[in-house]
Amino acid sequence: MKKFDVIIIGAGASGCMCALACKNQNIAIIDAGKSLAKKIMVTGNGRCNLTNKNMNSSYFNTNIDKYLQKFNEKDALRFFESLGLITYSDPEGRVYPISNSAKSVVDVINLALKNKGQFFAGQKVIEIHHQNDQFCVLTDKDEFVAKKVVVATGGSTMQNSIKNLDISFKKFVPSLVPLECSNVKDLNGIKLSNVKVAATTKSGKTASEIGEVLFKEKGLSGIVIFNLSALFARERVFEGTVQIDLLPDMNEKQLTELLMTRRSLCVNVDKFFVGMFQNAVSNEIFMQSKLNTNKNSAKLTNDEIKRLVKTIKCLSFGVVNCYDNNQVFSGGVCLNDLDNHLMSKKVKNLYFAGEVCDVDGVCGGYNLQWAWTSGMVVGECL
Ligand SMILES: Cc1cc2nc3c(=O)[nH]c(=O)nc-3n(C[C@H](O)[C@H](O)[C@H](O)COP(=O)(O)OP(=O)(O)OC[C@H]3O[C@@H](n4cnc5c(N)ncnc54)[C@H](O)[C@@H]3O)c2cc1C
């Protein structure tokens, strides 16, 4: 049995930040994986979008202001700078290491953690018991004892390991994930830029975003779709619709005028959108407009033009599920059950940091910022 003052379970972004912030040296960091902060390597397409200069609670499912007041994006940038990391931000405020390599972030974390506590790699925590003010942490290889435990295990199945501690979890569901949609097969591979996408959930909640959409064999992907997937995730049901306005910069009147003049192209209707939309997109518009394409464009009636306009402004797809390659999980331990230091209100000295908390943000560096913020908030009070 190994004895420590503090045990941090999970050496991801939040667990590492927690260890770095912790003044106590007698800490054990336990992770099922082989190395520290390994997931950071895949973030931001290998570039690691570590935070965002536009940071506030509106980018998250819940209010995290009181935690951001303790450690926000500016604090995170100062902190990483003090570790040697040089960063830059893009026009949307997304911050990346200047090397454009997530490995730089992992490397500075590893360097800084060199003499901090002991790292136990390749050990999966199976159970945690709490007895006489002590926690006993059982892994698949060893047994650890400490007065304080931090759970920083991301969106894993950790709730099974602590079910005897009476901590309630909101069910984890995938978020920031491609949406599985019906009838998209014919558009597979198509990329649409500067379109406005509106999502409506089964219960009628709506949200919209402008940007790029990618069609996959069974659904839709791209940052806009990832962000809208959060709407479905927070309702716990991936059912509803996605409607795409293909030309958001034109109103219906302008578009109607444009299509009226295009009648004079005098081409067969199936060529009506040549020079305007890709073929597969045109076919989808005709299909959703229920239009007979077997005639000359000059013969398009006003009613048919109206139907085409409606479809171009509202190309619809049914959402039937989500993919399984999500970036984050929505759900976890509710902030209401945690105090200002993210300690459980029910179990003293049991802390939670990172994605295991019921905090999820949109794309753009928000989820890592929560990992840094929560890791720092917990680490500082250990
Ligand atoms: C492909 C991808 C790209 C992303 N890009 C970005 C981005 O650019 N910007 C951004 O802000 N966010 C991004 N994210 C989200 C971000 O990575 C997470 O929000 C963040 O890593 C969460 O940190 P965490 O410490 O809570 O959990 P994690 O990083 O998941 O770490 C949890 C750790 O706990 C360990 N663990 C789990 N269970 C156990 C157990 N029972 N015993 C022992 N160890 C255990 C795991 O091995 C893991 O190392 C991305 C995610 C993905 C998947």
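Which element gives the largest share of the shell around the ligand? It is α10, with four residues. The views below come from a predicted model.

**View 1. The shell around the ligand in the predicted model.** The ligand has 34 residues around it. Gly 10, Gly 12, Gly 154, Gly 354 and Leu 368 come nearest. Two elements give two or more residues to this shell: α1 (13-21) and α10 (366-380). The share from α10, four residues, is the largest. By class, the shell holds 15 polar, 14 nonpolar and five charged residues.

**View 2. Helix α1 against helix α10.** How do the axes of α1 and α10 cross, and within what distance do they come? They cross at roughly 35° and come within 7 Å. The crossing of α1 past α10 is right-handed. From α1, the residues in contact are Ala 13, Ser 14, Gly 15, Cys 16, Met 17, Cys 18, Ala 19, Leu 20 and Ala 21. They meet Leu 368, Ala 371, Trp 372, Ser 374, Gly 375, Met 376, Val 378, Gly 379 and Glu 380 of α10. This contact of α1 with α10 counts twelve nonpolar, five polar and one charged residues. Leu 368 of α10 belongs to this contact; Leu 368 is also among the residues that come nearest to the ligand.

**View 3. Helix α7 against helix α9.** Helix α7 covers residues 252-262, and helix α9 covers residues 302-313. Their axes come within 10 Å and cross at roughly 130°. Angles from 115 to 145 degrees count as oblique, so α7 is oblique to α9. The crossing of α7 past α9 is right-handed. Glu 252, Leu 255, Thr 256, Leu 259 and Met 260 are the α7 residues in contact. Their partners in α9 are Ile 305, Leu 308, Val 309, Ile 312 and Lys 313. Seven nonpolar, one polar and two charged residues make up the contact of α7 with α9.

**View 4. The domains of the protein.** Domain 1 is built from two segments, 2-174 and 329-380. Domain 2 spans 175-247, and domain 3 spans 252-316. Taken over C-alpha atoms, the centres of domain 1 and domain 3 are 52 Å apart.

Conventions:
Residues numbered from 1 in each chain as written. Predicted model: local features only at pLDDT ≥ 70, side-chain atom pairs only at ≥ 80, totals over all residues. Near = placed C-beta within 6 Å. Nonpolar A, V, L, I, M, F, W, Y, C, P; charged D, E, K, R; others polar. Domains from an automatic or database assignment. Axes fitted to C-alpha atoms, helices over the stretch in contact; angles between N-to-C directions. Parallel < 35°, antiparallel > 145°, perpendicular 65-115°, else oblique. Left-handed = near helix turned anticlockwise from the far one by under 90°. Contact = placed C-beta atoms within 7 Å.
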